[in-house]
Amino acid sequence: TFNYVDINPAEWGILDEISKQVKKQSPLDYQGAIEDSAVSALRDFASAKILTAVQASSLKQAIFSRALDQNFLRNTVLGFRPIKGKGACKLYISQADLATLGAVRGTNEKKALYEITFADETNTAGTIKEGGMAVSFRILDGLTDGTQLYGQPGTIDMPMWGNYEVTTDEGGDYFKRSMIGIKGTQTAGADLVAKNGMQVITQA
């Protein structure tokens with residue numbers, strides 16, 4: 001069944017300023033570092049917009065009775081019906097909830113039931129394994145403890161009206177104060193575009 005989802009653009013941005021003296025700090029590229037940080041902040045805000053859109057979407061599948069226990073991974077993976085052509089599934093979880101899963105112990109040997117492996121040195125993404133099952137995960141700071149998202153990120157659409165933009169300005173008031181203004185902007189929208197493409201899991 002086909003229908004329509006309206007995704008409307010919204011603009012957000014970040015503004016900072018640095019001293020013109022940084023240009024004399026060769027070979028340090030302090031200005032470049034600030035510009036990179038601006039893009040990173042814009043992307044973090046985009047991630048927050050996606051999270052808000054999914055949680056508010058009428059197309060999400062709400063699960064209210066899945067505890068963070070020895071059955072969580074199995075029930076989550078086997079309880080989701082992937083949509084063909086929408087890519088791999090992923091679990092989005094808070095750091096506290098990931099720690100709760102890490103504390104789950106087996107019944108007999110009392111060893112950690114879940115094997116949690118981080119993909120990089122930031123410890124914000126990786127894989128959770130249990131028996132023959134495995135799921136990729138990512139820690140999302142914007143998630144409330146006791147709530148997880150699971151599903152196919154490919155069912156979320158975020159059209160962008162242009163690329164991330166970072167511009168600098170040395171005129172006007174900045175010129176008078178010997179400063180460089182740095183502004184980053186983006187215009188985009190986001191929403192879930194496939195029914196039950198993402199589950200919003202909440203513990204009782």
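How do β9 and strand β10 pair, and over how many bridges? In this predicted model, the two run antiparallel to each other, with 5 bridges between them and β10 covering residues 179-188. One spot to look at is Asp-169, which sits opposite Gly-181 in β10.

That pairing belongs to an open sheet of 3 strands, ordered β1-β10-β9 and paired in the antiparallel sense. The edges are taken by β1 (10-19) and β9 (165-169), each of which has a pairing partner on one side only. Going from one strand to the next, the twist averages 20°. Helix α1, made up of residues 30-56, lies across β1, β9 and β10. Relative to β1, helix α1 runs at about 155°.

Stepping back to the whole chain, the secondary structure adds up to 4 helices and 12 strands. The radius of gyration comes out at 21 Å, whereas the globule rule gives 17 Å for 204 residues; the chain's value is well over that, so the chain is more spread out than a compact globule. Along the principal axes, the C-alpha atoms fill a box of roughly 70 × 45 × 30 Å. Of the 204 residues, 35% are buried. As for the surface, the chain exposes about 12,300 Å², with carbon and sulfur atoms supplying 49% of that area. Contacts across the sequence are worth a look too: among those with a separation of 6 or more, 76% link residues 24 or more positions apart.

Then there is the inside. Nonpolar side chains tend to be buried together in soluble globular proteins. Here, the largest nonpolar core holds 18 residues, and the ones with the most contacts inside it are Phe-72, Leu-91, Leu-101, Tyr-114, Ile-128 and Phe-137. Two or more residues each come from α2 (72-78), β3 (90-93), α3 (95-102) and β6 (133-139). The top contributor is β6, which gives 4 residues to this core.

Ile-128 is a handy place to start when clicking through the core. Leaving aside residues up to four places away in sequence, Ile-128 touches a list of partners that includes Leu-73, Leu-91, Leu-98 and Leu-101, along with Tyr-114, Glu-115 and Ile-116. Met-133, Ala-134, Val-135 and Phe-137 are also in contact with Ile-128. Apart from the largest core lies another one, of 9 residues, among them Leu-51, Val-54, Leu-143 and Met-198.

Definitions and conventions:
Residues numbered from 1 in each chain as written. Predicted model: local features only at pLDDT ≥ 70, side-chain atom pairs only at ≥ 80, totals over all residues. Heavy atoms only, no water. Pairing = 2+ DSSP bridges. Axes fitted to C-alpha atoms, helices over the stretch in contact; angles between N-to-C directions. Contact = heavy atoms within 4.5 Å. Rg over C-alpha atoms; globule rule 2.2 N^0.38 Å. Buried < 20%, exposed > 50% of the residue type's maximum accessible area, 1.4 Å probe, protein only. Areas by Shrake-Rupley, 256 points an atom, 1.4 Å probe, with all protein chains shown as cover. Core = buried A, V, L, I, M, F, W, Y, C linked by side-chain atoms within 4.5 Å.
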